[in-house]
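Thanks, everyone. I have a short walk through one model today. Please have the viewer open.

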Amino acid sequence: MKCVVTGSNVKVLGKAVHSLSRIGDELYLEPLDDGLSLRTVNSSRSAYACFLFAPLFFQQYQPSTPGQDLLRCKILMKSFLSIFRSLAMLEKTVEKCCISLNDRSSCLVVQLHCKYGVRKTHNLSFQDCESLQAVFNLASCPHVLRAPARILGEAVLPFPPALAEVTLGIGRGRRVILRSYQEEEAESTSKAMVTEMSIGEEDFQQLQAPEGMGITFCLKEFRVSSSVLPLPTPPFCPSQALTDLLPSQGLLSFAESANLPVSIHFDAPGRPAIFSIEDSLLDGHFVLATLLELDPPTQDLSSSKHHQPMPQLQSHSTPYQDNFANDDIDSYMIAMETTVGSEGSRALPSVSLMPGPHSEEEDNEAEPSPVPGTPPPKKFRSLFFGSILAPTHSPQGPSPVLAEDSDGEG
Amino acid sequence: MPLLTQHVRDENRQYCLVASLDNVRNFSTVLKAIHFQEHATCFATKNGIKVTVENAKCVQANAFIQAEVFQEFRVEEESVIFRINLTILLDCLSIFGSNPMPGTFTALRMCYQGHGQPLMLFLEEGGVVTVCKINTQEPVGTLDFDFCSTNVISKIILQSEGLREAFSELDMTSEILQMTISPDRPYFRLSTFGNAGSSHLDYPKDCDLMESFHCNHTQVNRYKLSLLKPSTKALVLSCKVSIRTDNRGFLSLQYMIKNEDGQISFVDYYCCPDEDIPESES
């Protein structure tokens, strides 16, 4: 494989790598006939991102040498990112970037031709791998929003950087509402700050969704950089190390810099939401898992009562025992399809996403009576924080007494 | 008045080193370029001040501030030498803050009475005077890298701007920095071998950044990256750098630094090559 990128496209490529680096730790590089595909998935399989650069994006694009199979490789995101780390330097000094993959040398060679004849050559080791592909179909998503990236970028600005999840939905008067999502925790409802942003229909290039429809997804992967750490801490804890001093390069930033509109395709809560950008030379898709609501959504986004434990946008979730043995975690994961590759490849689960029938079963099992103050199901949180076994934070849950009071009884 | 002059004259006689600067930054900036260890050795002769910092008996950095840079410079003895805590010295020199308003200058008067006495610093900015007394220590011997020009195999002079970003982006997971200098391609190459793989940075000898290029024969030398990384500070401050290697593979990096008044000071780094000590064969 050999690809040559020149001029300002080098910076575009660099920005795409920065966006991808916010999602996963490994980059899957696959030269296809219709372009070079860069993909990644996060460790909990709740976010997947891919960019496809059309052959025209390159000054020269040769996906495979004749007679050779198309190569696929997986490299450490950190290593690839370090080549494009300084976007300012890329713009200022790099004239040409040449990426070549040679099966024999088992090295991905990235060569930057810079000003003054200086040349930087990086030989990155890679692993053969299976093809990473999430199962999603834009056409099957009944709801779609499209707006210039700038509008969405400005809309998420007011949300605190520490906020993990946000709910996006259509409110009364066809206004698009973004509201910070909170889990119910008895102590924190009085202290928590709820932020809500509402955008008029006229700012959208396309708005095809019924009023009352909404989804909750992880804002961090959509917007800012900070890698989601597998820590069982509440999302609004200010001590969480979320101060990222590097420029945030989520999909939104990429879209803003490329001046492209962002389309959000979504379906019922629980089904993945697809954020996509597209132009003649490239397209990008970020697929994020959304929170599953098991009761049919209640309407009326516009009236948010003061002491409502859950945002009105969503239904009251059925409270669960913290017993993960009954959970079907697979149904929340984005279905990943893989093709069996060369030796050493690991098989990824390939499960299709079927929350419909699943939710019916659960409705039969548990009582659908909302108890204010009961924490919503932890499944969603656990997806983002990678741990599916240990219950995360449960104020009401029993905590083992590790050490008794020194002046205790007896 | 005569009494005051007498007093000042008496005072000055007791100092073996007196140096005054209208802008302390002409001194402190150069010292920052070699600040990778707590302690430094100061040598003062009538030609100026040299400050030396060493690490691991493998790398040495020297900062030279010539007498002409100072508004007043007097050394009473042949040479004055003492060891001092460089971190504290720099903290004192920047006591009025390291980012002054443009147009404001901090003046410095540095005095040293001699062996066993503290170094006195008088700093003044906008009418406010600070007096610092820093204890000095017995000087310890500094390494002599014995770098003489007759043994130099290669000499390259580069404009610093070309190396700056490259140096700051060197793969720090690599233990060593390999330097290849050759009369043939790739001419001048810096290589690292880190967790991700290898990286090579090539500068052709005819590139615009290369002010001069002399190489007798091909040499490939390896240096511990952690020892050389601090030289990035000097590189960032400098406008030009000269890179020389000798027949033992010893590396000499000389940086030309222009201060705010256009005067030139030098910083050099010497580093011995990293030799893999083979496991003893019994």
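I will take the domains first, then the chain contact, then a sheet and two backbone details.

A word on the source: this is a predicted model. Keep that in mind throughout.

Start with chain B. The domain assignment splits chain B into domain 1, residues 14-137, and domain 2, residues 152-271. Taken over C-alpha atoms, the centres of domain 1 and domain 2 of chain B lie 28 Å apart. How many residues does each domain of chain B bring to the contact? Domain 1 gives 24 residues and domain 2 gives 18. Together, the two domains of chain B bury about 1,700 Å². Carbon and sulfur atoms give 51% of that area.

Now the polar side of that interface. The rule finds one salt bridge between domain 1 and domain 2 of chain B. Put Arg25(B) and Glu260(B) on screen. Their side chains form a salt bridge, with N to O at 2.6 Å. There are also nine residue pairs in polar contact across the two domains of chain B, both residues at pLDDT 80 or more.

Which elements of domain 1 of chain B give two or more residues to the side that touches domain 2? They are helix 2, residues 25-32, and strand 4, residues 59-66, of chain B. Strand 4 of chain B has the largest share of that side, with eight residues. By class, the domain 1 side in chain B holds 13 nonpolar, eight polar and three charged residues.

While we are beside strand 4, look at the loop between strand 3, residues 48-55, and strand 4 of chain B. Lys57(B) sits in that loop. Lys57(B) is not a glycine, yet its phi is positive, about 60°. Most residues other than glycine have a negative phi.

There is a second backbone detail in chain B. The peptide bond between Arg185(B) and Pro186(B) is cis, with omega about 5°. Most peptide bonds are trans. Where is Pro186(B) found? Pro186(B) is in the loop between strand 12, residues 176-181, and strand 13, residues 188-193, of chain B.

Next, the contact between the chains. Here 15 residues of chain B meet 16 residues of chain A. Chain B and chain A bury about 1,400 Å² between them. Of that area, 47% is on carbon and sulfur atoms. Which three residues supply more than any other three of the area that chain B buries against chain A? Glu165(B), Glu169(B) and Ala196(B) do, with 37%.

Stay with Glu165(B). Its side chain meets that of Lys92(A) in a salt bridge, 3.4 Å from N to O. The count of salt bridges between chain B and chain A is one. Polar contacts between chain B and chain A come to six residue pairs, both residues at pLDDT 80 or more.

On the chain B side, two elements each supply at least two residues to the contact with chain A: helix 4, residues 160-168, and strand 14, residues 197-203. Strand 14 of chain B gives the most, seven residues. By class, the side of chain B that touches chain A has six nonpolar, four polar and five charged residues.

Strand 14 of chain B also pairs across the chains. Its partner is strand 9 of chain A, residues 119-125. The two strands pair in the antiparallel sense, over six bridges. For one register point, find Thr121(A): its bridge partner in strand 14 of chain B is His200(B).

Last stop, a sheet in chain A. Ten strands of chain A form an open sheet, and the pairing is antiparallel. The order is 10-6-2-3-4-20-19-18-12-16. The edges are strand 10, residues 127-128, and strand 16, residues 206-208, of chain A; each pairs on one side only. At one edge, strand 10 of chain A is joined to strand 6, residues 73-76, by two bridges, and the two run antiparallel. In that pairing, Lys74(A) stands opposite Gln127(A) of strand 10 of chain A.

That is the tour. Thank you.

Conventions
Residues are numbered from 1 along each chain as its sequence is written. Chains are lettered from A and ligands numbered from 1 in the order in which they are written. This is a predicted model: local features need pLDDT of at least 70, side-chain atom pairs count only at pLDDT 80 or more; totals for chains, interfaces and linings use all residues. Side-chain values use heavy atoms; hydrogens and water are left out. Domain bounds come from an automatic or database domain assignment. Contact means heavy atoms within 4.5 Å. Buried area is the accessible area (1.4 Å probe) that two parts lose on being put together, summed over both. A salt bridge is a side-chain nitrogen of Lys or Arg within 4 Å of a carboxyl oxygen of Asp or Glu. A polar contact is a pair of N or O atoms within 3.5 Å; within protein, one must be able to donate a hydrogen and the other to accept it, and residues adjacent in sequence count only if both atoms are side-chain atoms. Helices (H or I, at least four residues) and strands (E, at least two) are DSSP runs, numbered from the N terminus. Ala, Val, Leu, Ile, Met, Phe, Trp, Tyr, Cys and Pro count as nonpolar, Asp, Glu, Lys and Arg as charged, and the others, Gly among them, as polar. Two strands pair if DSSP finds at least two bridges between them.
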